[in-house]
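Visitor: I would like a close look at a single part of this model, taken slowly and with the reasoning spelled out. Please choose one helix and show how it sits among its surroundings.

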Amino acid sequence: MISRSEIIAQLLQYGHSKEKLEQMQTAELSKLFQKDSKARITEYLDAIKQSEQTEVAMEDDTSYIERQVGEIYYAVAGEVNFVRLYEAIEKIFDKCDLNETIELVLSQCSDRQYKQMSQITEVAYRMYQEILLAEIEKLCEFYPPQERFEQMKFYSGKRGNVAFLRQVIQTMRITDNQKSFSRIAQQKFAIIRDYYPDSMYESYEEFYENEEEKNEIIQSIMSLTSAYKRSQLKTKKFQVLKHIERVLLDDREREKEEKALIKQYTKKIGDAILEEDELMFGEILKEALKVLNERDVQYIVEHFDISSNPLILQRFNIIMRDNRRS
């Protein structure tokens, strides 16, 4: 958990007064830290949105585009060289949008190739979008998985705006920016995890409801019990599945502990019976009843013939009777 002094140190970087921060309660500090951490990411995204308004000066890229158009001309002349064609189209996407690229591609094609080349350019555009998104995800590799999922959900929703995605990549590639954004994402996650654990599911619901994540938990539950069918579990929310898994794991751990205790007290009780020491037998019996249920203790004693020792049998009956009354 992040300490109070660490939270204050971080909030000082956000421009807050040290005197004011030191007067605040720790709970208030953590809430302010969580709010500021989220705000930093939002401000970063807003800054990128504003920067996308700046138009690319196409005249500065004339020679670059002319080279790629030339590559397209040679790629479609005669038998189509698809590798060369896709490479040229992808490079044009670095400077132009889909419609502009289609116009440039068609300018080098015969009329009979128009439909095929339009479809190829659109396919290449989808591939290009995925390449950009994959690059952004790589730049987010040090984010907590939950935060990375949230960020990629946002960027995937912007896949149609490749100029925005390119600007994001350009901004994130700057080493100091990447470190800063990663730190902010980690801080936000740590605040929620350490100070608001009950809000983890609510804050990252879509991450936890992700099919792959749910399948892992379902597989874990099915390895622990045969009480559920997969189809039943798939209808349950991730939060419920995690609770089921935790209960089953706790049950398994308790079962292991009980088996170890049964083995331990079987030996102790057996030794006391063998030595015909009813006082020791009684003490061990009382001790066993504190950590095991009556059924397990009954099960242990039934493994031995105590009917031939009236004192031990009497001690057993008295202690078991007193235990039921208490």
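Guide: The expected span of a helix is 1.5 Å times one less than its number of residues. With that rule in hand, helix 9 can be checked in this predicted model: its 12 residues should span 16 Å, and because the C-alpha atoms at its two ends are 16 Å apart, the expected and the modelled lengths agree. Helix 9 covers residues 162-173, and it belongs to a protein chain that has 18 helices and zero strands. Of the 326 residues in that chain, 38% are buried, and among contacts between residues at least 6 apart in sequence, 60% join residues at least 24 apart.

Within helix 9, the buried residues are V162, F164, L165, R166, V168, I169, T171 and M172. As background to such a list, an α-helix has 3.6 residues a turn, so residues three or four places apart point the same way.

The neighbour to consider next is helix 10, residues 175-195, which packs against helix 9 at an angle of about 95°, the two axes being 5 Å apart. An angle of 65 to 115 degrees counts as roughly perpendicular, and helix 9 and helix 10 are therefore described in that way. On the helix 9 side the contact is formed by T171, M172 and R173, which meet T175, N177, Q178 and F181 of helix 10. Sorted by character, the residues of this contact comprise two nonpolar, four polar and one charged.

M172 also leads into the interior, since it appears with I72, L85, I89, M117, I136 and Y155 among the residues that touch the most other members of the largest nonpolar core, a set of 39 residues. Helix 9 and helix 10 are both among the elements that give two or more residues to this core, as are helix 4 (62-76), helix 5 (82-93), helix 6 (98-106), helix 7 (114-139) and helix 8 (145-156). Helix 7 provides the largest share, nine residues. A second core, separate from this one, holds 19 residues, including I269, F281, L289 and I306.

For a detail elsewhere in the chain, one may turn to L98, which lies in helix 6 and counts as buried because its relative accessibility is 14%. Leaving aside residues up to four places away in sequence, L98 touches F93, T121, E122, Y125 and R126.

Notes. Residues are numbered from 1 along each chain as its sequence is written. This is a predicted model: local features need pLDDT of at least 70, side-chain atom pairs count only at pLDDT 80 or more; totals for chains, interfaces and linings use all residues. Side-chain values use heavy atoms; hydrogens and water are left out. Axes are lines fitted to C-alpha atoms, for helices over the stretch in contact, and angles run from 0 to 180 degrees between N-to-C directions. Helices (H or I, at least four residues) and strands (E, at least two) are DSSP runs, numbered from the N terminus. Angles under 35 degrees count as roughly parallel, over 145 as roughly antiparallel, 65 to 115 as roughly perpendicular and the rest as oblique. Contact means heavy atoms within 4.5 Å. Ala, Val, Leu, Ile, Met, Phe, Trp, Tyr, Cys and Pro count as nonpolar, Asp, Glu, Lys and Arg as charged, and the others, Gly among them, as polar. A nonpolar core is a set of buried Ala, Val, Leu, Ile, Met, Phe, Trp, Tyr and Cys residues joined through side-chain atoms within 4.5 Å. Buried means under 20% relative accessible area, exposed over 50%, partly exposed in between (1.4 Å probe, protein chains only).
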